[in-house]
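Colleague: Thanks for making time for this one. Could we walk through the model together, a question at a time?

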Amino acid sequence: MKSLLLTVLLLELVAVLKAQELLLDDQEDYSGTWYPKAMVHNGSLPHCKLPTRVFPVKVIALEDGDLEATVTVWKDDRCHEFKFVMRKTKEPGIYSTFHGKKTVHVEKTSVEGHYIFYCEGLHNGKSFGMGKLMGRNPEENPEAMEEFKKFIQRMELQEENMFVPEIRDECVNESD
């Protein structure tokens with residue numbers, strides 16, 4: 001009787017592990033280095049707050065499906081690096097971050113190695129939205145850019161709020 005019970009439990013365990021394996025296989029792998037190719041905002045950013053230089057974003061997939069992103073920004077003539085975790089939600093491609101204050105939508109484009117990351121939420125009590133066309137390599141891709149423009153139209157954003165910042169491989173403080 002004990003061996004029958006152990007066999008049933010073992011079979012259930014194998015079935016559960018196989019089901020988890022299938023779920024993990026269906027998930028996109030966002031890990032690696034991403035290069036911002038173009039950006040758009042919903043009009044909430046003043047011109048002086050727009051990034052003039054951008055740097056590759058590093059993403060690590062965590063065991064539970066969450067993502068850890070390392071972002072470098074250029075502010076006050078200095079490099080500032082920070083990490084944050086994007087928590088997986090029940091909806092595929094949607095993550096919650098900054099204690100649930102912001103939502104990040106990750107959308108695959110039809111162009112190989114290109115995705116659109118769109119972050120929205122509240123910042124200082126105002127609605128905030130920013131999208132980035134991201135690629136696995138730094139080279140320009142006109143097809144991906146056209147798809148990003150269609151995304152802008154679909155999201156009812158203004159194309160004049162789109163910009164292409166200067167991409168740098170690494171951030172080096174100029175006083176260093």
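Colleague: Let me start with a local detail: in which loop does H99 lie?

Modeller: Happy to, and please keep in mind that this is a predicted model. H99 is exposed, with a relative accessible area of 82%. Its place in the chain is the loop between β6 (94–97) and β7 (102–108).

Colleague: What is the phi of H99, about?

Modeller: Most residues other than glycine have a negative phi. H99 is not a glycine, yet its phi is positive, at about 55°.

Colleague: And E156, which is not a glycine either: where is that residue placed, and what is its phi, about?

Modeller: E156 is exposed, at a relative accessible area of 69%. The residue sits in the loop between α2 (142–154) and β10 (162–163). Its phi is positive, about 60°.

Colleague: Let's zoom out. In what order do the elements of the chain run from the N terminus on?

Modeller: The chain has two helices and eleven strands. Reading from the N terminus, the order is α-β-β-β-β-β-β-β-β-β-α-β-β.

Colleague: I care about pockets, naturally. Which residues are the closest to the centre of the largest pocket?

Modeller: That pocket has a volume of about 1400 Å³. Its lining counts 41 residues, and the closest to the centre are V73, F82, F128, M130 and K132.

Colleague: Which strands each supply at least two residues of that lining?

Modeller: V73, which is among the residues closest to the pocket centre, belongs to strand β4, and β4 is one of the strands on the list. Complete, the list reads β1 (32–41), β2 (53–54), β3 (57–61), β4, β5 (78–88), β7, β8 (114–123) and β9 (126–135).

Colleague: Staying with V73, which residues make a nonpolar surface patch with V73?

Modeller: At 31% relative accessibility, V73 counts as partly exposed, and a patch takes residues with over 30%. The patch covers about 230 Å². The partners of V73 in that patch are F82 and F98.

Colleague: T70 is in strand β4 too; is T70 buried or exposed?

Modeller: Leaving aside neighbours within four places in sequence, T70 is in contact with P56, V57, K58, E81, F82 and K83. Its relative accessible area is 12%. Since the limit for burial is under 20%, T70 is buried.

Colleague: Now the charges. Which residue meets R87 in a salt bridge?

Modeller: The search of the whole structure finds four salt bridges. In one of them R87, in strand β5, pairs with a residue in the loop between β3 and β4, 21 residues apart, so the pair links distant parts of the chain. R87 is partly exposed at 47%, whereas its partner is buried at 7%. With an N to O distance of 3.0 Å, that partner is D66.

Colleague: E146 and K149 also form a salt bridge. How many residues apart are they in helix α2?

Modeller: Their closest N and O atoms are 3.9 Å apart. Both are partly exposed, E146 at 44% and K149 at 23%. About one helical turn separates the two, because they are apart in helix α2 by three residues.

Colleague: One more pair: what is the N to O distance in the salt bridge of E166 and R168?

Modeller: E166 is partly exposed at 38%, and R168 is partly exposed at 29%. Their side chains meet with an N to O distance of 2.6 Å.

Key. Residues are numbered from 1 along each chain as its sequence is written. This is a predicted model: local features need pLDDT of at least 70, side-chain atom pairs count only at pLDDT 80 or more; totals for chains, interfaces and linings use all residues. Side-chain values use heavy atoms; hydrogens and water are left out. Buried means under 20% relative accessible area, exposed over 50%, partly exposed in between (1.4 Å probe, protein chains only). Contact means heavy atoms within 4.5 Å. Patches are made of residues with over 30% relative accessible area and no salt bridge: like charges are joined within 9 Å, nonpolar side chains (Val, Leu, Ile, Met, Phe, Trp, Tyr) within 5 Å. Accessible areas come from the Shrake-Rupley method with a 1.4 Å probe; for residues, only the protein chains shown count as cover. Helices (H or I, at least four residues) and strands (E, at least two) are DSSP runs, numbered from the N terminus. On a 1 Å grid over the protein atoms alone, a cavity is a set of points where a 1.4 Å probe fits but cannot get out, and a pocket is an open set with protein on both sides within 12 Å along at least five of seven lines; lining residues have an atom within 4 Å of a point. Grid points are joined across faces, edges and corners, and a volume is the space filled by probe spheres set on the points.
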